[in-house]
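Q: Please take one part of this structure, a loop between two strands, and look at it closely. Then go on from there to what surrounds it, in one connected explanation that a first-year student can follow.

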Amino acid sequence: MYYLLICRSLTYAQRAARVLESFGITAIVTRVPQTITVDGCGYCVKIAGRYFIESLTVLRNAEVYPKKVFALYDDGAHVEVEV
């Protein structure tokens, strides 16, 4: 299971990934899947499920806030998560 932290821009996603990486959390900047995005574009940071809570804490402390968060399951399904 993974989580997708939807960001407002590529630069913001890169900043979030750098913050997470500095705490030893692997973060991959990628495009938001077409099945999630409404406007057809956007970037997100993909993190492993086991780092979810820690990632939110790290980002909150760095004042980097994702627009939305989605849980991405192994079968490809995704569900928005309230944070």
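**A loop glycine and its surroundings**

A: Leaving aside its neighbours within four places in sequence, G42 is in contact with T30, R31 and V32. As everywhere in this text, the description refers to a predicted model. G42 itself sits in the loop between β2 and β3, and with a relative accessible area of 19% it counts as buried, because the limit for that word is under 20%. One of its contacts, T30, is 12 residues away from G42 in sequence, while the two C-alpha atoms are 8.7 Å apart in space.

The strands on either side of this loop belong to an open sheet of five strands, whose order is β2-β3-β1-β4-β5 and whose pairing is antiparallel. Strand β2, which covers residues 28-31, stands at one edge and β5, residues 78-81, at the other; each has a single partner strand, so one side of each is left without a neighbour in the sheet. From one strand to the next, the twist averages 30 degrees. Further into the order, β1 (residues 2-7) and β4 (residues 68-72) run antiparallel and are joined by five bridges, and one residue of β1 that can be followed here is Y3, whose bridge partner in β4 is A71.

Helix α1, residues 10-22, lies across β1, β2 and β3, and runs at about 20 degrees to β3. This helix also has a part in the largest nonpolar core, a set of 20 residues in which L5, L20, V45, I47 and L59 have the most contacts. The elements giving two or more residues to this core are β1, α1, β3, α2 (52-61) and β4, and α1 provides the largest share, six residues. L20 shows how such a residue is surrounded: apart from neighbours within four places in sequence, its contacts are L5, I25, A27, V45, I47, S55, V58 and L59. A second core, separate from the one just described, has seven residues, and among them are V32, C44, F70 and L72. V32 has already appeared above, as a contact of G42.

C44 leads to the question of cysteine bonds. A disulfide is a covalent bond between the sulfur atoms of two cysteines. A search of the whole structure finds zero of these. C7 is in no disulfide, and the nearest cysteine sulfur to its own is that of C44, 7.4 Å away. Seen from C44, the closest cysteine sulfur is the one in C7, and the 7.4 Å between them is too far for a bond, because the cut-off is within 2.5 Å. Both cysteines are nevertheless buried, C7 with a relative accessible area of 4% and C44 at 0% relative accessibility.

To finish, we can return to Y3. A search of the whole structure finds one aromatic pair, and it is formed by Y3 and F52, whose ring centres are 3.9 Å apart and whose planes are at 15 degrees, so the pair is stacked. It links distant parts of the chain, since Y3 is in strand β1 and F52 in helix α2, 49 residues apart. Y3 is buried, with a relative accessible area of 12%, and F52, at 10% relative accessibility, counts as buried too.

How values were computed
Residues are numbered from 1 along each chain as its sequence is written. This is a predicted model: local features need pLDDT of at least 70, side-chain atom pairs count only at pLDDT 80 or more; totals for chains, interfaces and linings use all residues. Side-chain values use heavy atoms; hydrogens and water are left out. Two strands pair if DSSP finds at least two bridges between them. Helices (H or I, at least four residues) and strands (E, at least two) are DSSP runs, numbered from the N terminus. Axes are lines fitted to C-alpha atoms, for helices over the stretch in contact, and angles run from 0 to 180 degrees between N-to-C directions. Contact means heavy atoms within 4.5 Å. Buried means under 20% relative accessible area, exposed over 50%, partly exposed in between (1.4 Å probe, protein chains only). A nonpolar core is a set of buried Ala, Val, Leu, Ile, Met, Phe, Trp, Tyr and Cys residues joined through side-chain atoms within 4.5 Å. Rings of Phe, Tyr and Trp (its six-membered ring) pair if their centres lie within 6.5 Å; planes under 30 degrees apart count as stacked, over 60 as edge-to-face and the rest as tilted.
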